Amino acid sequence: MIDHQFINNKFGFLGNDFINEVHQHGITDKIKAKTELISEGEKIKFIPFMISGSVKVYCLNDGRELIYYYVRRNESCVMTFSSIFSNYISKIYAITEEDSEVLLIPVAIMHEWLIRFPAINRVFYQEYDKRFIDVMNMVNEAVFHRLDKRVLNYIKQQIVITGSHPIKLTHKEIANNLGTSREVVSRVLKKIENEGEILQGKDGIRVAVNENVSQF
């Protein structure tokens, strides 16, 4: 069943006719954590809108991940949306970070809506603005920050996304997401633990109480 409150909050500005269209054509799906939604080269059939949970959007280069951004509650994936104007082929990988629920709109219906309800472009303009900032932050992190700072920021980011603290992250998972090796991450984690930035335990990784994670 479609979440009526989500639909009204997300698309209410488009009017009742559009809301009725969403209820008629939209599909909701509940997806378990760590489920791949789409991979590079796949044909795109739906435009997703996150009702709850979060999705990691990334590319692969020689087996290493490069994170572009995260899609969170009330957001959509602009790289998926942009693909429907060319060849409908995905240029990214997307995987759920936690149990999630998504609203799926068939691409043929989205094309119709762009003509009949042009104000819907406002939704995607806002998404493009968010994603541009996300990608710029990613570039700044990779170019200007040392790896220990990037690892600590990644841990904080995951705490905010999942709401879990301590958070369970494997050294390999961190390495894959930051484009480095597990051995390097293990050394970095030991270093920042010795510096009092984090505490590693059986229940996961805990960030020091004086570290601010709310900015992520």
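User: What makes strand 4 and strand 5 a pair, and in which sense do they run?

Analyst: In this predicted model, strand 4 (residues 54-61) and strand 5 are joined by 8 bridges in the antiparallel sense. Two strands count as paired if there are at least two bridges between them, so strand 4 and strand 5 qualify. One of the bridges sets Leu60 opposite Glu65 of strand 5.

User: Why is strand 5 called an edge strand of its sheet?

Analyst: The sheet is open and holds 4 strands in the order 2-6-4-5, with antiparallel pairing. Strand 2 (36-38) and strand 5 (64-72) each have a single partner strand, so one side of each lacks a neighbour in the sheet, and both stand at the edges. From one strand to the next, the twist averages 30°.

User: Which helix packs on this sheet, and which strands does it touch?

Analyst: Helix 6 packs there, touching strand 4 and strand 5, and its direction makes about 35° with that of strand 5.

User: Why is helix 6 described as roughly perpendicular to helix 7?

Analyst: The axes of helix 6 (residues 147-162) and helix 7 (residues 171-178) cross at roughly 110° and come within 11 Å. Angles of 65 to 115 degrees count as roughly perpendicular, and helix 6 is therefore placed in that class relative to helix 7. On the helix 6 side, the contact is made by Arg150, Val151 and Tyr154; on the helix 7 side, by Glu173, Ile174, Asn177 and Leu178. By class, these residues are 4 nonpolar, 1 polar and 2 charged.

User: What is notable about the peptide bond from His165 to Pro166, and where is Pro166 placed?

Analyst: That bond is cis, with omega near 10°. Pro166 lies in the loop between helix 6 and helix 7.

User: How do you know that helix 7 and helix 8 are roughly perpendicular?

Analyst: Their axes cross at roughly 110° and come within 8 Å, helix 8 being residues 182-194. Since 65 to 115 degrees is the range for roughly perpendicular, helix 7 and helix 8 fall into that class. Helix 7 contributes His171, Lys172, Ile174 and Ala175 to the contact, and helix 8 contributes Arg182, Val185, Ser186 and Leu189. The contact of helix 7 with helix 8 has 4 nonpolar, 2 polar and 2 charged residues.

User: What makes strand 1 and strand 3 the edge strands of the sheet with the order 1-7-3?

Analyst: Strand 1 (27-31) and strand 3 (46-52) each pair on one side only. This open sheet of 3 strands has antiparallel pairing. Strand 1 is joined by 5 bridges to strand 7 (residues 100-106), and Asp29 stands opposite Val102 in strand 7.

User: Which helices pack on that sheet, and at what angles?

Analyst: Helix 1 (residues 4-11) touches strand 3 and strand 7, and its direction makes about 115° with that of strand 3. Helix 4 (residues 107-116) also touches strand 3 and strand 7; its direction makes about 65° with that of strand 7.

User: Why is Lys34 called partly exposed?

Analyst: Its relative accessibility is 44%, and partly exposed lies between buried, under 20%, and exposed, over 50%, so Lys34 counts as partly exposed. Lys34 is in the loop between strand 1 and strand 2, and has a positive phi of about 65° although it is not a glycine.

User: Why does Tyr88 count as partly exposed?

Analyst: At 26% relative accessibility, Tyr88 is neither under 20% nor over 50%, and is therefore partly exposed. Tyr88 is placed in the loop between helix 3 (78-83) and strand 6 (93-96). Its phi is near 65°, a positive value in a residue other than glycine.

Definitions and conventions:
Residues numbered from 1 in each chain as written. Predicted model: local features only at pLDDT ≥ 70, side-chain atom pairs only at ≥ 80, totals over all residues. Heavy atoms only, no water. Axes fitted to C-alpha atoms, helices over the stretch in contact; angles between N-to-C directions. Parallel < 35°, antiparallel > 145°, perpendicular 65-115°, else oblique. Contact = heavy atoms within 4.5 Å. Nonpolar A, V, L, I, M, F, W, Y, C, P; charged D, E, K, R; others polar. Buried < 20%, exposed > 50% of the residue type's maximum accessible area, 1.4 Å probe, protein only.
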